[in-house]
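Welcome, and take a moment to look around before reading on. What can pockets, cysteines and a few single residues tell a newcomer?

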Amino acid sequence: MKRQISFAEALCEAQAYCLEANPNVYVMGLGVPDPKGIFGSTLGLQERFGEKRVFDIPLSENAITGVALGSAITGMRPILTHQRVDFALVSIEQIVNQAAKWHYMFGGKMQAPIVIRMIVGRGWGQGPQHSQSLHAWFAHIPGLRVIMPTTARDAKGMLIAAVEDNNPVICLEHRWLYGLKDEVPEEDYRVSLEQSRVMQPGTDITLIGVSYMALECLRAAELLKEYRVSAEVIDLRVIRPIDKNTLLNSVQKTGRVLIVDHGHVMAGISAEISAVLTESLFQSLKSPPIRLGLPDYPTPTSPAMSDHYYPESHQIGNRALELCGRKPEMLPVIQNRRLDQPDSSFEGPF
Amino acid sequence: MMIDQTKIFELWRCMLRIRMVEEAIAEHYPEQEMRCPVHLSIGQEAAAVGVCAALQRKDWVFSGHRSHAHYLAKGGDLKCMVAEIYGKSTGCCGGKGGSMHLTDQAAGFIGATPIVGSTVPIAVGAALTSQLREEGRVVVIFLGDGAMEAGVVHESLNFAVLKKLPVLFACENNLYSVYSPLKVRQPPQRSLSQLATGHGIQTMLADGNDVCAVFEASSKACKFLKEGDGPVFLEMPTYRWREHCGPNYDNDIGYRTEEEFESWQLNDPLERLTSYVESKKINSLTKKIRQEIQEAFAFAKSSPFPDGQAASEDVYA
């Protein structure tokens, strides 16, 4: 069997490779060199590459984002990490006003090769300020690249590609993916920052999943087999630019699409995808594109309220059956686990 | 520190050139061909010139919305600046920036953008590059009294002190943020440099209308920075003569008095040095600068506009 490592280990390996390959790369973020090492994704990097290139930061996310930009336009390649997307919001000024526009507003005179990793939290009571998925915000800004790798293999390949890219890249990583293992090559490789990936081919309906939702789509596709519905599952993995070709090719073939987002439905990325597909394929769609995502209220904390906050495979399966003109009849199996953890190995606290 | 006659003449020449460029912009502005906001530096030339005179070409400068003087003092190309204000393809940003976004990489004027305080951490990041690569460059960030109220500036001061970065915070205190006087924005018993001192940074104070004093303080600061002793904060009280944004005087609209303006005008940074310069030299130099400015405006006006297609270029590198 080929080597399997976790999503967190894959991210760590990608950063180690980049630090090794290019002396201009450096890594900073709150907790980067601490004993937990950003949920394992930066463990050992400071020991290996020294305090000058791998360091902790003051709780000054806005200034530190500006520091990353200032160093990038003068030749460095910073990787900045936030343990939650929510924490990065205080740096939105530097990201949107500055980093995204520095190349453009000076007529291409400078480049801003920055990677900003942000972790999307979920479950175990993360609540309103530790679990937002704001990829649609970043996707709205020209000049940014926005990626959300789902598999460990993509995590490594996309992070290396992001560090080598000459633009600011927002890399959103779902906390529940961190422990998942996948076959990951030991050598360095790059995964496109512009292509979505067909995870599983199918003919009756296209399920487009964002980040962790791609896995829920895979599970739904598995359930749908029992109902003789062949679902094509696409891991969106790139939020900006939208990979129109891959999405259009699939929906052209199936004529039906369900977009499953990890963010809010209202003004979310699922709306953009739905519009892109409808504008091009209006005549050939067999049913209207349907969006599934987070409801129109913040994330509640108590498991009693948050258990049904996120779309899950049975709900996805039922909507898919409906779109195929069938009765929604999938019953969620009685789960012997709580819905606020990806599996029993995840025991919080964050 | 003794400043010799040649240096004094050079400082004066540089200030006069900035003054004349700004006055030419004010003069041409009503033609409505410069279709972007302009924040003129008239009255504040000494701070820009004194600081930049202490730098080498390889050193890097960043600024904010009122950056013409800083750009020119660091050696930024005049033609490219005027063309940029005219929105032409020959401008320093090819027309994508305008007056509030100047850059001249060759001259070490890295960039200016108009969100107050926002370029401060970017300059600190450039200083981090200089330190990590051991390049021996000094970085200057020009900021104003208003920026001292922005959280990101304090975050930046903290980080610069923490990492002992070679960056000079050159703070021009011109007493107003647009029309809001300092007294409604900051408590009277505390100076800007006192506020900086809380971060443990080395602070200096120089008369912002005395170019020699600014040059001396900046030279000392640069020596300090090059020795790796950490960042320096330099406070320079000064005064903007014209309106916050635009070509006119606005003492009549009621946020400041004519008397206050006149008292600062008596303290004109250029006039203070003129007695040291031979009148023969003044005339010939004024003529030479006027010609250079005329050429720059002619260049800008005759340059082509960028084509519409260019608007969608340079979004991604």
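What follows is a short tour of pockets, cysteines and some buried residues.

Please keep in mind that this is a predicted model.

**Two pockets**

Let us begin in chain B. The largest pocket has a volume of about 410 Å³. Its lining counts 27 residues, and those nearest the centre are B:His65, B:Val116, B:Leu143, B:Gly144 and B:Asp145. Two elements of chain B, strand S3 (139-144) and strand S5 (176-177), each give two or more residues to this lining. The largest share, 4 residues, comes from S3(B).

Now turn to chain A. The second largest pocket has a volume of about 290 Å³. It is lined by 15 residues, with A:Ala139, A:Arg240, A:Ile242, A:Ile269 and A:Glu272 closest to its centre. Helix H8 (135-139), strand S12 (238-240) and helix H12 (269-281) of chain A each contribute two or more residues to the lining of this second pocket, and the largest share, 4 residues, is that of H12(A).

Where does the second largest pocket lie with respect to domain 1 and domain 2 of chain A? Both domain 1 (4-183) and domain 2 (197-323) give residues to its lining, so the pocket lies between them.

The table sets out the classes of lining residues for each pocket.

| Pocket | Nonpolar | Polar | Charged |
|---|---|---|---|
| Largest pocket | 10 nonpolar residues | 13 polar residues | 4 charged residues |
| Second largest pocket | 10 nonpolar residues | 2 polar residues | 3 charged residues |

**Cysteines**

A disulfide is a covalent bond that links the sulfur atoms of two cysteines. How many disulfides are there over all chains? The count comes to 0.

Two cysteines help to illustrate this. The closest cysteine sulfur to that of A:Cys18 belongs to A:Cys171 and is 11 Å away, which is too far for a bond. A:Cys18 counts as buried because its relative accessibility is 3%. B:Cys80 is in no disulfide either, and the nearest cysteine sulfur, in B:Cys92, is 6.5 Å away. With a relative accessibility of 25%, B:Cys80 counts as partly exposed.

**A buried arginine**

Next, look for A:Arg237, which sits in the loop between strand S11 (231-235) and S12 of chain A. Is A:Arg237 buried or exposed? At 6% relative accessibility, A:Arg237 counts as buried, since the cut-off for that class is under 20%.

Which side chain does the side chain of A:Arg237 meet in a polar contact of 2.9 Å? That partner is A:Asp154. In addition, a polar atom of the A:Arg237 side chain lies 2.7 Å from the backbone oxygen of A:Gln195.

**Two helices to visit**

Helix H6 of chain A, residues 92-99, is mostly covered, with 6 of its 8 residues buried. The buried residues in H6(A) are A:Glu93, A:Gln94, A:Ile95, A:Val96, A:Gln98 and A:Ala99.

The last stop is helix H4 of chain B, residues 78-85, which contains B:Ile85. B:Ile85 counts as buried, with 2% relative accessibility. If you would like to trace a path across chain B, try going from B:Ile85 to B:Lys280: they are 195 residues apart in sequence, and their C-alpha atoms are 33 Å apart in space.

Technical notes: Residues are numbered from 1 along each chain as its sequence is written. Chains are lettered from A and ligands numbered from 1 in the order in which they are written. This is a predicted model: local features need pLDDT of at least 70, side-chain atom pairs count only at pLDDT 80 or more; totals for chains, interfaces and linings use all residues. Side-chain values use heavy atoms; hydrogens and water are left out. On a 1 Å grid over the protein atoms alone, a cavity is a set of points where a 1.4 Å probe fits but cannot get out, and a pocket is an open set with protein on both sides within 12 Å along at least five of seven lines; lining residues have an atom within 4 Å of a point. Grid points are joined across faces, edges and corners, and a volume is the space filled by probe spheres set on the points. Ala, Val, Leu, Ile, Met, Phe, Trp, Tyr, Cys and Pro count as nonpolar, Asp, Glu, Lys and Arg as charged, and the others, Gly among them, as polar. Domain bounds come from an automatic or database domain assignment. A disulfide is a pair of cysteine sulfur atoms within 2.5 Å. Buried means under 20% relative accessible area, exposed over 50%, partly exposed in between (1.4 Å probe, protein chains only). A polar contact is a pair of N or O atoms within 3.5 Å; within protein, one must be able to donate a hydrogen and the other to accept it, and residues adjacent in sequence count only if both atoms are side-chain atoms.
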